[in-house]
Amino acid sequence: PVPDPRLKHAKGSYTSRAGLIRSAWKYQKDKIVFDVTVPTAAEIRLPDGTVHAVEKGTYRYEVLL
């Protein structure tokens with residue numbers, strides 16, 4: 001996701017061949033909180049440039065502004 005401070009928060013989902021992918025973000029004080037669910041191994045790329053190689057599951061990340 002690409003956050004936009006004018007929106008404050010957003011979420012979406014997509015049913016891929018591997019299963020349901022969910023992504024959401026919201027601004028909280030001095031950070032952006034990301035919640036991501038993937039149905040298989042994936043790379044999660046955050047706006048600060050970090051990349052997380054993950055397995056199937058749900059993950060939460062916080063990026064300082």
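In this predicted model, a polar atom of the Ser16 side chain lies 2.8 Å from the backbone oxygen of Gly19. Ser16 belongs to strand S1, and, once neighbours within four places in sequence are set aside, its contacts are Ile21 and Pro39.

Strand S1 takes us on to the sheet. S1 and strand S2, which spans residues 19-28, are joined by 8 bridges in the antiparallel sense. Within this pairing, Ala10 has Trp25 of S2 as its bridge partner. The sheet as a whole is open and holds 4 strands, arranged in the order S1-S2-S3-S6 with antiparallel pairing. Strand S1 (9-16) and S6 each have a single partner strand and stand at the edges, so one side of each is left without a neighbour in the sheet. On average, and with direction ignored, neighbouring strands of this sheet are turned by 10 degrees against each other.

Trp25 also leads into the largest nonpolar core, which has 10 residues: Trp25, Ile32, Phe34, Val36, Val38, Ile44, Leu46, Val54, Tyr61 and Val63. Two or more of these residues come from each of strand S3 (31-38) and strand S6 (57-64), and S3 provides the largest share, with 4 residues. Such a grouping will look familiar, as nonpolar side chains tend to be buried together in soluble globular proteins.

Val63 gives a closer view of this core. Apart from neighbours within four places in sequence, Val63 is in contact with Ile32, Phe34 and Leu46, and also with Asp30, Lys31 and Asp48. Of these partners, Ile32, Phe34 and Leu46 are listed among the core residues.

Terms used
Residues are numbered from 1 along each chain as its sequence is written. This is a predicted model: local features need pLDDT of at least 70, side-chain atom pairs count only at pLDDT 80 or more; totals for chains, interfaces and linings use all residues. Side-chain values use heavy atoms; hydrogens and water are left out. A nonpolar core is a set of buried Ala, Val, Leu, Ile, Met, Phe, Trp, Tyr and Cys residues joined through side-chain atoms within 4.5 Å. Buried means under 20% relative accessible area, exposed over 50%, partly exposed in between (1.4 Å probe, protein chains only). Contact means heavy atoms within 4.5 Å. Two strands pair if DSSP finds at least two bridges between them. Axes are lines fitted to C-alpha atoms, for helices over the stretch in contact, and angles run from 0 to 180 degrees between N-to-C directions. A polar contact is a pair of N or O atoms within 3.5 Å; within protein, one must be able to donate a hydrogen and the other to accept it, and residues adjacent in sequence count only if both atoms are side-chain atoms.
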